Amino acid sequence: QVRLVESGGGLVQAGGSLRLSCAASGRITLTYVMGWYRQVPGEQRDLVAVIKSGMTTNISDSVKGRFSISRNSHNNAVYLQMNNLKPEDTAVYYCHLDAYIPGIGRRDYWGQGTQVTVSS
């Protein structure tokens with residue numbers, strides 16, 4: 001029943017900006033953490049930024065000062081604002097949800113990913 005859908009990826013020149021969105025649907029009683037991760041083919045999936053239910057955030061050192069994460073008032077969507085993009089930011093970006101689902105319990109979910117490509 002729970003589903004995550006990402007959008008906003010694309011091709012951008014170095015120094016440009018993109019805004020990623022992730023919409024969560026389904027019967028979600030309590031959201032513990034939502035966040036963004038990224039992965040280059042053949043490499044591990046790394047944390048980019050996460051935001052907790054209390055709206056505290058954790059940002060990767062590699063993107064601090066350039067990226068910011070936010071969540072809407074109903075905690076059903078999470079956003080990643082990416083500014084001053086660099087070629088090394090090129091990756092598939094995945095939305096992640098850690099939540100309590102009635103009848104299921106606490107578990108995590110992943111979106112299908114959205115490609116971000118930054119050219120020199």
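Strands β4 (30–39) and β5 (45–52) pair in the antiparallel sense over 7 bridges; strands are DSSP runs (E, at least two residues) numbered from the N terminus, and two of them pair if DSSP finds at least two bridges between them. The model is predicted, and local features need pLDDT of at least 70, side-chain atom pairs count only at pLDDT 80 or more, and totals for chains, interfaces and linings use all residues. Residues are numbered from 1 along each chain as its sequence is written, and side-chain values use heavy atoms, with hydrogens and water left out.

Across the β4–β5 pair, M34 stands opposite I51 in β5. The two strands form a hairpin with 5 residues between them, and G42 in the turn has a positive phi of about 85 degrees. Strand β5 is also joined by 3 bridges to the antiparallel strand β6 (residues 57–59), where N58 is the bridge partner of V50. In this second hairpin, 4 residues lie between the strands and M55 takes a positive phi near 75 degrees.

An open sheet of 4 strands with antiparallel pairing has the order β1-β3-β8-β7. Its edge strands, β1 (3–7) and β7 (67–71), each pair on one side only. Within this sheet, β3 (residues 18–25) and β8 (residues 77–82) pair over 6 bridges, and S21 stands opposite Y79 in β8.

The largest nonpolar core (buried Ala, Val, Leu, Ile, Met, Phe, Trp, Tyr and Cys residues joined through side-chain atoms within 4.5 Å; buried means under 20% relative accessible area, with a 1.4 Å probe and protein chains only) has 29 residues, of which W36, L80, M82 and Y93 touch the most other members. Strand β9 gives the largest share, 6 residues.

Terms used: Buried means under 20% relative accessible area, exposed over 50%, partly exposed in between (1.4 Å probe, protein chains only).
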